[in-house]
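Grab a coffee and open the viewer: here are some short exercises to work through. Try each task yourself before reading its solution.

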Amino acid sequence: MKKISLLVILTFSFLLVGCGREKIDNQEIANQEEASVKTENDFSMSDCMKWCELMQNKDADKDQIFKNCSALCEAGKAIDNNDASGCEKSEGMMKDACYSSVAYEKAKPDLCKKINDVALQFGCYASIAEKTKNPDVCDDIKDSMWNESCMQAAKAE
């Protein structure tokens with residue numbers, strides 16, 4: 001009888017330890033998943049630069065690669081943070097795309113004025129007009145064709 005009781009107690013102990021360990025493992029997994037979600041959602045300038053540099057032509061000038069990647073990553077960071085002031089750190093089309101994205105997310109048409117590419121600038125106004133259903137956003141578009149297109153976007157369902 002003692003042997004059976006001891007065997008039952010040992011078996012039960014192993015089951016409890018195993019179940020307890022499973023609980024710990026599941027909690028550890030949940031913590032790791034939560035940490036990875038935070039990491040994936042946080043913009044990392046150094047990671048962006050590393051990936052960008054890897055994607056560049058290996059024969060290109062290193063200073064040019066750095067300049068291109070800096071412009072791209074600064075724009076990405078500003079877009080990720082919805083920070084128009086961060087767009088200033090970028091240049092060229094990346095800067096324009098940055099302003100367009102932040103302007104749209106914040107529904108701030110005044111940021112569209114900072115876009116140099118005319119088509120992208122008009123698209124910026126139109127997308128905000130459509131999002132806000134406000135045709136007054138189109139007032140800054142002087143070209144009649146683009147203005148009409150913007151007005152239609154504001155009225156779209």
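**Exercise 1: the two sides of helix H2**

Helix H2 (residues 45-55) has Cys48, Met49 and Cys52 as its buried residues. Buried means under 20% relative accessible area, exposed over 50% and partly exposed in between, with a 1.4 Å probe and protein chains only. Helices (H or I, at least four residues) and strands (E, at least two) are DSSP runs, numbered from the N terminus.

Task: work out why these buried residues lie on the same side of H2.

Solution.
1. Around the axis they cover an arc of only 100°, and therefore sit on the same side of H2. The arc is that of the directions from the helix axis to the C-beta atoms.
2. In general, an α-helix has 3.6 residues a turn, so residues three or four places apart point the same way.
3. Now turn to the face of H2 that points away from the buried side: there you find the exposed residues Lys50, Trp51 and Leu54.
4. Helix H3 (62-81) is part of what covers the buried residues of H2.

A note on the model: it is predicted, so local features need pLDDT of at least 70 and side-chain atom pairs pLDDT 80 or more, while totals for chains, interfaces and linings use all residues. Residues are numbered from 1 along each chain as its sequence is written, and side-chain values use heavy atoms, without hydrogens and water.

**Exercise 2: the whole chain**

Task: state how many helices and strands the chain has.

Solution.
1. The chain has seven helices and zero strands.
2. Buried residues account for 25% of its 157 residues.

Note on methods: Contact means heavy atoms within 4.5 Å.
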